[in-house]
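Good morning, everyone, and thank you for making the time. I would like to talk about the interior of this protein and then about its cysteines, so please have a look at the structure first.

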Amino acid sequence: MPHQIERFIRDVPDFPKPGILFKDITPLLQSPEGLALSIQRLAEVVDPDSYDIICGIESRGFIFGTPLALQLNKGFVPIRKPGKLPWKTESESYELEYGTDMLQIHVDALEGNPRVLLVDDLLATGGTMAAAINLVRKVGGTPVACAFVLELSFLPGREKLGDVPAHSLLTV
Ligand code: AMP
């Protein structure tokens, strides 16, 4: 039987550029069954008692992180691309295949040293999540785990995350 999540993931070759096999999650979101299943599984994959608040990474981390927070009666903190957050921010740069990128968080988003679950749709090289983990620490949070819908097993993404454990609903 195909994996329950896998049957909702569409492979799109050569997007956004030649050689990339893009894992399209829009069929998962489009299906009431797939959407409910993904949030329910995310709620199970890390013990909700082990964290206080959820940080999601723009923009697909918002799609999964916010309903998860709502379901578990937790708050949600956005980690965004540069120039989007209106208040005082902390920044973290990270390497891309070509050049660098940056993520930002509000400086007062994690006051009181909450335990943080970080959420994104997909773990590839791990550069994005590693930067988000550093940001959480910079503003006083304690990252306890990362959760992903999908993980690409042929890339060493987990190794970049240091001592923060990664949990995925599906490894491909
Ligand atoms: P990385 O920093 O390499 O782990 O990349 C993670 C980010 O890039 C996530 O936010 C993903 O949404 C996106 N991403 C990277 N590779 C893919 C892929 N093959 N298909 C879909 N999204 C991807």
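I will begin with the nonpolar cores and then turn to the cysteines.

Please keep in mind throughout that this is a predicted model. The largest nonpolar core has 25 residues, and those that touch the most other members are Cys-55, Ile-79, Leu-110, Leu-118, Met-129 and Leu-161. If we ask which elements give two or more residues to this core, they are the strands β3 (53-57), β4 (75-79), β6 (100-106), β7 (115-123) and β8 (142-151), together with the helix α4 (127-138). Among these, α4 gives the most, with 7 residues.

Let me stay with Leu-110 for a moment, since its surroundings can be listed residue by residue. Setting aside the neighbours within four places in sequence, Leu-110 is in contact with Ile-53, Cys-55, Val-77, Ile-105 and Val-116, and also with Val-136, Val-139, Gly-140 and Gly-141. Separate from this core there is a second one, of 23 residues, which includes Phe-8, Leu-28, Leu-42 and Val-119.

Now to the cysteines, where a bench biochemist will want to know how many disulfides there are. The count comes to 0. For Cys-55, the closest cysteine sulfur is the one in Cys-146, and because the two sulfurs are 10 Å apart, they are too far from each other for a bond; the cut-off applied here is 2.5 Å. Cys-55 counts as buried because its relative accessibility is 0%, and Cys-146, also at 0% relative accessibility, counts as buried too.

Methods: Residues numbered from 1 in each chain as written. Predicted model: local features only at pLDDT ≥ 70, side-chain atom pairs only at ≥ 80, totals over all residues. Heavy atoms only, no water. Core = buried A, V, L, I, M, F, W, Y, C linked by side-chain atoms within 4.5 Å. Buried < 20%, exposed > 50% of the residue type's maximum accessible area, 1.4 Å probe, protein only. Helix = DSSP H or I, 4+ residues; strand = E, 2+ residues; numbered from the N terminus. Contact = heavy atoms within 4.5 Å.
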